[in-house]
Amino acid sequence: MNTDPKKNFKNIDKVFFESIAKEFGTPCFVYDENSISENYNQIKNVFAQEKRNIFYSVKANSSLSILKLLYDLGSGFDIVSMGELDRVLKIGADPKKIIYSGVGKSEDDIKRSIEEGIYCINVESFSELERINKISNELKKTAPVAIRVNPNIDPGSHEYISTGLEETKFGINLKNMMDAFIYASEQKHIDLLGIDYHIGSQIETIEPFLKAISSVAQIIEELKNKNIHIQLIDMGGGLGISYNNEKVPTLNDFGKEINIAIKDNNLENYNIILELGRSIVGNSGFLLTKVEYIKKDSEKNYVIVDAGMDNLIRPALYGAVHKIDCVSEERNNKEELLCDVVGPVCECADFLGKDIKLKVEQGDIVVVYSCGAYAASMASNYNTRPKPAEILIKNGKPIQISKKETIDDLLKRELII
Ligand code: LLP
């Protein structure tokens, strides 16, 4: 099924959103297994040939069943914490298909990554490199690393997710990166596999990706001149999705363009990894929520629903616009209302959509589109609200892949002293 938000629909494979809401309660997340598989296979078919691999970025959606689905399709994993490492090991992932990024790796994190034998640690600073060297020496093991460079490329995305700009905390800048490569190449207990970058997320055009590839090709030439030879290029992730009819490259087009750039820059002999997240799961997920109240006696019309910024923080954090629709059968002749769709959380930033036209009445089920990535995985318990259930539509059936949290789950780790 095509889950592009341009299409209005009320069911996935004839499993109706309204019946899912009735059976599992609201709010809840719903994912379409076919859509995730189709997305993964689209990029796999065009890109993941010999020496090229997809390492799904776990942070986009880290539900165990979704990780297992991607594992079964052949994906590796890009992780950023030991929690994510535990998740991927739990579904049986091969450590040799795990790559670990992140600016704040602790001594324990590094020690464990080396001991588990993961494929590669992406190093984000010189001091991290020194720490890895110290630990690998102590363990008398070799740490496989790639140096994350910051190529200072503007991905044209929201400033919070434009990680490839020099002023951000990510990677080592072009001025200082050579010191890191030289240091890494000289250490007995470090295996310098390659170079890594991730210039940002929700990137809607190909150009920034192409710029990054030619910048890396240049760096590789500089490395060769210093007699440093690498085998891996980790290109990160970042391909955007269409949230509201924006025109973005398909995974297929993206893969083709990347392949061409690899060829044009003479990089065909390198192992190349893409760490895609959002483009694989983003448009395959939905948030279902129920209309609790319609408030017309205010400056604005408000549709107050039972999901809030604790379930989907993207509108509050990035000003993200997610398409929203009513999926309940029309019972009465409803008038179309210009409204803000807001949650029950005590913050003005608690909105799912602003200035939206909706035909709704109290008790209706509303769907928020494009909630497969960075929705459930960024959910919180703010206002002591339990996280929602997650449902996967598999073979035409709704299967609960995570239970709704209970208040007891939330309170049980706390002490009264
Ligand atoms: N690799 C690294 C090192 C990353 O930091 C990320 C995302 C990815 C890969 C995957 O990027 P993707 O293909 O999903 O764009 N919470 C934000 C997005 C944050 C992205 C963080 N890093 C949002 O909701 O838009």
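**Exercise 1. Determine which residue classes make up the shell around the ligand in this predicted model, and how many residues belong to each.**

Solution. By class, the shell holds five nonpolar, seven polar and six charged residues. Within this shell of 18 residues, those that come nearest to the ligand are Ser201, Glu275, Arg314, Tyr318 and Tyr374.

**Exercise 2. Identify the ligand atoms that lie close to polar atoms of Gly277, Arg278 and Tyr318, and state how much of the ligand the protein buries.**

Solution. Step 1: consider the backbone. An oxygen atom of the ligand lies 2.9 Å from a backbone N or O atom of Gly277. For Arg278, a backbone N or O atom is found 2.8 Å from an oxygen atom of the ligand.

Step 2: turn to the side chain. Tyr318 places a polar side-chain atom 2.6 Å from a nitrogen atom of the ligand.

Step 3: assess the burial. The ligand taken alone exposes 590 Å², of which the protein buries 92%.

**Exercise 3. Classify the packing of helix 6 and helix 7 as roughly parallel or roughly antiparallel, and describe their contact.**

Solution. Step 1: establish the geometry. Helix 6 spans residues 126-139 and helix 7 spans residues 177-186; they pack at an angle of about 10 degrees, with axes 10 Å apart.

Step 2: apply the cut-off. Angles under 35 degrees count as roughly parallel. Helix 6 and helix 7 are therefore roughly parallel to each other.

Step 3: list the residues in contact. Helix 6 contributes Phe126, Leu129, Glu130 and Asn133, while helix 7 contributes Asp179, Ala180, Tyr183 and Ala184.

Step 4: sort these residues by class. The contact of helix 6 with helix 7 comprises five nonpolar, one polar and two charged residues.

Definitions and conventions:
Residues are numbered from 1 along each chain as its sequence is written. This is a predicted model: local features need pLDDT of at least 70, side-chain atom pairs count only at pLDDT 80 or more; totals for chains, interfaces and linings use all residues. Side-chain values use heavy atoms; hydrogens and water are left out. Axes are lines fitted to C-alpha atoms, for helices over the stretch in contact, and angles run from 0 to 180 degrees between N-to-C directions. Helices (H or I, at least four residues) and strands (E, at least two) are DSSP runs, numbered from the N terminus. Angles under 35 degrees count as roughly parallel, over 145 as roughly antiparallel, 65 to 115 as roughly perpendicular and the rest as oblique. Contact means heavy atoms within 4.5 Å. Ala, Val, Leu, Ile, Met, Phe, Trp, Tyr, Cys and Pro count as nonpolar, Asp, Glu, Lys and Arg as charged, and the others, Gly among them, as polar. A residue is near a molecule or strand if one of its heavy atoms lies within 4 Å of it. A polar contact is a pair of N or O atoms within 3.5 Å; within protein, one must be able to donate a hydrogen and the other to accept it, and residues adjacent in sequence count only if both atoms are side-chain atoms. Accessible areas come from the Shrake-Rupley method with a 1.4 Å probe; for residues, only the protein chains shown count as cover.
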